[in-house]
Structures are given as C-alpha cells and as structure tokens.
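Please find below a colleague's note on the structure, set out as numbered points. The points take up cysteines, charged pairs, surface patches and backbone details in turn.

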Amino acid sequence: FFFITTMSRRSALLIGAALASASFTATAFSPSSCGLLVSTKRVTTKLAPRKTTLHSSLSNNDDDDVLNKLSAELKELAECTSLIYSYLSKPDKSVSAEDVVLACDAVDASSKLRQKSHEFGRYQLLVKLLKSDYDAYVTTAEFLSPSRIPRGELPNVQDVVYVPFTAAVNEDDATEETTVDTNVVAVTTVTGEDGQPLVADCKLEELAYNDSPLDKLLLSIFRNLVTTHTGGVTSDIPGIKGLLAQGRQYMTMELPEGVTYEDHTKAQHTMVKNTLGGLMTPVLPPFYRIFMSGIVPKLGTDYDGKQIGPWFYAPWLTSMVTPTFFGFLVGPSKPNRRSDGQRGGLVVEKCKFLQESGCKGLCLHQCKLPAQEFFKEELGLSLTVKPNFVTQECQWSFGEEPVDVVEDDSFPKGCLVGCDSRKVMSGRKSTDVLCM
C-alpha cells in the first residue's frame, strides 16, 4: 500500500511538471511573450560573463598566493642549504672559538629552518675544532656550555667540566634569567677515616630508569651467567641492584691463603669477559671479528688469524648498534664523537651501573677494564671507557686505544665517599687496588 501511494504521488508530481513545462513553452513562443523572453535571455547573457570573470579573478589570486609562498619557501631552503655548505666547507684548522660564538649568535637570532641550519653548522664547527685542537675545544665548550649550548648538544663531553645550569623566570618582566651553579664543577677529593683520599659522590639527582622487555630479558640472562662464572654467587634482590649485589659479594669475598686482591681483580676481569662472551653467544664474536675487525678466519691459508682491519665503518657502526643492547647495564646512551673528533663515540647519559652501585671498584673491575679487554682480545677492536664520577656520564670510544688506568690523570684515585664496598672491606689489607 505504501509503495502504491508513493508511486501515485510521484506520478502526480511528474504529470504536474509536464503540464507546467508545456504551458511555459506555449507562453514563451507566443507573440506577447517574445519581448520578455528576449529580455530574459539578454540579462542572462550579460550576467553570465560577469560571474565567470569574478571566479577567474579569485582563482588567479589564490594561485598567485600559492606561488608566492612556494617561491619564498624554496628561496629559504636554498639559503639554508648554502649556509650548511658554508659550515661544512670550512677547513678544520681555520675554525676558532670566535667562529663558534658567532654561530651561537646566529642561532639566537634565527628561527625555524634557518635556526636548525645554524645549530647544525655550530655542531660541525665544534667537531672541526675537536679534530684540530682538543684543548681549544674543551675551553670553548666550557665557556659556552650550558649557558649558550646545551651539554647534550656537544660532540664530546668527557673532559668538559660539568656546570649545573638552571633557568629562573623573572615575574616582573616575564623573561628568563639563566644562572650557573658553581658548587659542582669538578672531582673533589676528601680524606677518609684512615687518612686515604676519597672521591666525592655525585650530587646530581638520580635518574629513574624504565627498562624495556628486552632490557629485562638481557639482564636476566646476564645474571644467570654471572652466577655460573662466579661459582654460584647469587642474590634474591631483583633487577640491576641484584646484579650489583652479586658483583659486590664476589669482589669483597674472603680470599684463600696466598691469594691477593690484586690477583682477584684479574679473576673479576675474566668473569666479566666470560659473561659477555656468553651473552653474545658463540655466533656473534666470529661474525664481528670478520666483518667489523677484519680478522681473517681459519681457511687453511697463510693469512689465517691475521688482522687487516678494523674496517673504517666498525667504530661508527658499533656505536650505532650498541645502545639498543647496552641499556640493561648502563641506561640510556647515544652516539657522539670520540676525543679525536671521529665517529665511533658513545656517551652514557647517567650510568645505571655506577649510580646504583656507588662503587668505583665495581665500575673499574667489573665494567671499564674487562670491557676494554674483551673488545680488544675477543672482538679485535680497541675501546676506551672513561667514566665521569661528577656527573656519572661515561664516554665509550670504539677504535681508540685506552690509556693505562695508573697513568690516566682523568681517573681519580681513591674510593667514593659513600661506597658500601669500603665498609665491607674495612680492616683488610691491600685493598687499595680495588679502587686504584
């Protein structure tokens, strides 16, 4: 019924429309209506072009605006490209501290893409200065950071004295005022209860670490390997603190008669190297030796075992890959430049191992020295590890020959003030070798 009713209505409408059309046609062609029809056509003919002209004018204006914007952006892009080229083409030895200061001025006076270009150029100038004159680089970096260059934007920070930086807001004129705290600028040495020199603890706020599922898995495997290679030393404490408890227990254990703690430090190095080798599985070290370090595999030739590398890309590629599989021990890290300005550096933001242990002995004998030995002996690539006890940063430089810790002036002598290992070792003889 609804369908029939609807169709009836539609039919009535169609019939009405047809009749109206016929009536209009008859009227339009009648002599009395010719004038009206012609007049209507003339009006229509006159109005139509005006509408078309207005639309065309608006369209042309829009096209002009788009073209002008595109032209301006292309011009800005070309000028920024020219800026970057001028920074990159500047000879290394011609870069001075004044050039870096001028680049800072350009960064402050620019915005958007041009500002990013000057920031990139400033970084390149610092790298060039780092390559040509390390002492001048350190002096320049200390002068400009953190007030004008954030510490995290420096290509290398291992010998750059840390100066805390805060920004205070002036409520009167709503402007920011920068202040520098000079209380924490260098390693401070104090004297312990027994008259031995001690190194002041890090005064910076502790960093909270968010472990990924991969970090948790690697840490679990690592702890099981430590238990195996220490003869059963274990701990019920979860996470990284449990690993450090295992390491501390092994480092401070009572030694058999005739065994010195100097001998035991070598045992610690061996334990860590075996653990690292187990973590990498039997597959990765041979692969790394061939394709990264350029060591000829055993093929029955006269060149078996000879090293023709490391390949030029090995330090850089290692620094790029390492942060993903490194965080479970040390926390966040990122690639940077070595002290010679070359790629292959890695800076740890705030070492988890050092922050949670507060122990130089664990840092030295269960991280720094065994890591350097493992990379050189097992993987065929030199490595320098330089911890900073003021900031708990740590610089890893792949492809860089390490300096003997006894001769390294940047490595402070003595134990940390708040070290729990020193309390455990209290009263024992010949323990100074643990912390150097």
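1. A disulfide is counted here when two cysteine sulfur atoms lie within 2.5 Å of each other. The model under discussion is a predicted one, and a search of the whole structure finds zero disulfides. The pair to look at is C363 and C367: the sulfur of C363 has its closest cysteine sulfur in C367, at 5.8 Å, which is too far for a bond. Seen from the other side, C367 is in no disulfide, and the nearest cysteine sulfur is that of C363.

2. Are these two cysteines buried or exposed? C363 is buried, with a relative accessible area of 7%, and C367 also counts as buried, at 15% relative accessibility. A residue is called buried when its relative accessible area is under 20%, so the value for C367 falls within that class.

3. Turning to charged pairs, side chains of opposite charge can pair when their charged atoms come close. The count of salt bridges in this predicted model comes to 16, where a side-chain nitrogen of Lys or Arg has to be within 4 Å of a carboxyl oxygen of Asp or Glu. Three of the pairs are described in the next points, including the parts of the chain that each one links.

4. R114 and E76 meet through their side chains in a salt bridge, with 2.9 Å from N to O. Because R114 lies in helix α4 (residues 112-132) and E76 in helix α2, this pair ties together parts that are 38 residues apart in sequence. Both partners are partly exposed, R114 with a relative accessible area of 23% and E76 at 26% relative accessibility. The pair also belongs to a network of salt bridges, in which E76, E79 and R114 are linked.

5. Which parts of the chain does the salt bridge between K241 and E356 link? The side chains of K241 and E356 meet at 3.9 Å, N to O, and the pair links distant parts of the chain, with K241 in helix α7 (residues 239-251) and E356 in helix α11 (residues 352-357), 115 residues apart. E356 counts as partly exposed, at 24% relative accessibility. A reader checking this pair may wish to keep in mind that the cut-off for a salt bridge is 4 Å, and that the N to O distance here is 3.9 Å.

6. K273 and E377 form a further salt bridge between their side chains, at 3.2 Å from N to O. K273 lies in helix α8 (residues 261-279) and E377 in helix α12 (residues 360-379), so the pair ties together parts that are 104 residues apart in sequence. K273 is buried, with a relative accessible area of 16%.

7. On the surface, D62, D63, D64 and D65 form a negative patch. D65, one of these residues, has its place in helix α2 (residues 34-88), and D65 counts as partly exposed at 43% relative accessibility. Helix α2 is also where E76 of the pair with R114 lies.

8. A nonpolar surface patch of about 450 Å² is made by W316, L317, M320, V321 and F325. Of its members, L317 is placed in helix α10 (residues 314-330) and counts as partly exposed, at 31% relative accessibility.

9. Two peptide bonds that precede prolines deserve a look in the backbone, since the bond from S145 to P146 is cis, with omega near 10°, and the bond from G309 to P310 is cis as well, with omega near 0°. P146 is found in the loop between α5 (134-144) and β1 (165-170), whereas P310 is found in the loop between α9 (284-291) and α10.10. Positive phi values occur in residues other than glycine at T281, where phi is near 65°, and at Q392, where phi is about 65°. T281 is found in the loop between α8 and α9 and is partly exposed, with a relative accessible area of 35%. Q392 has its place in the loop between β7 (383-387) and β8 (394-398), and Q392 is buried, with a relative accessible area of 9%.

Key. Residues are numbered from 1 along each chain as its sequence is written. This is a predicted model: local features need pLDDT of at least 70, side-chain atom pairs count only at pLDDT 80 or more; totals for chains, interfaces and linings use all residues. Side-chain values use heavy atoms; hydrogens and water are left out. Patches are made of residues with over 30% relative accessible area and no salt bridge: like charges are joined within 9 Å, nonpolar side chains (Val, Leu, Ile, Met, Phe, Trp, Tyr) within 5 Å. Accessible areas come from the Shrake-Rupley method with a 1.4 Å probe; for residues, only the protein chains shown count as cover. Lys and Arg count as positive and Asp and Glu as negative; His and the chain ends are not counted. The place of a charge is taken as NZ of Lys, CZ of Arg, CG of Asp or CD of Glu. Helices (H or I, at least four residues) and strands (E, at least two) are DSSP runs, numbered from the N terminus. Buried means under 20% relative accessible area, exposed over 50%, partly exposed in between (1.4 Å probe, protein chains only).
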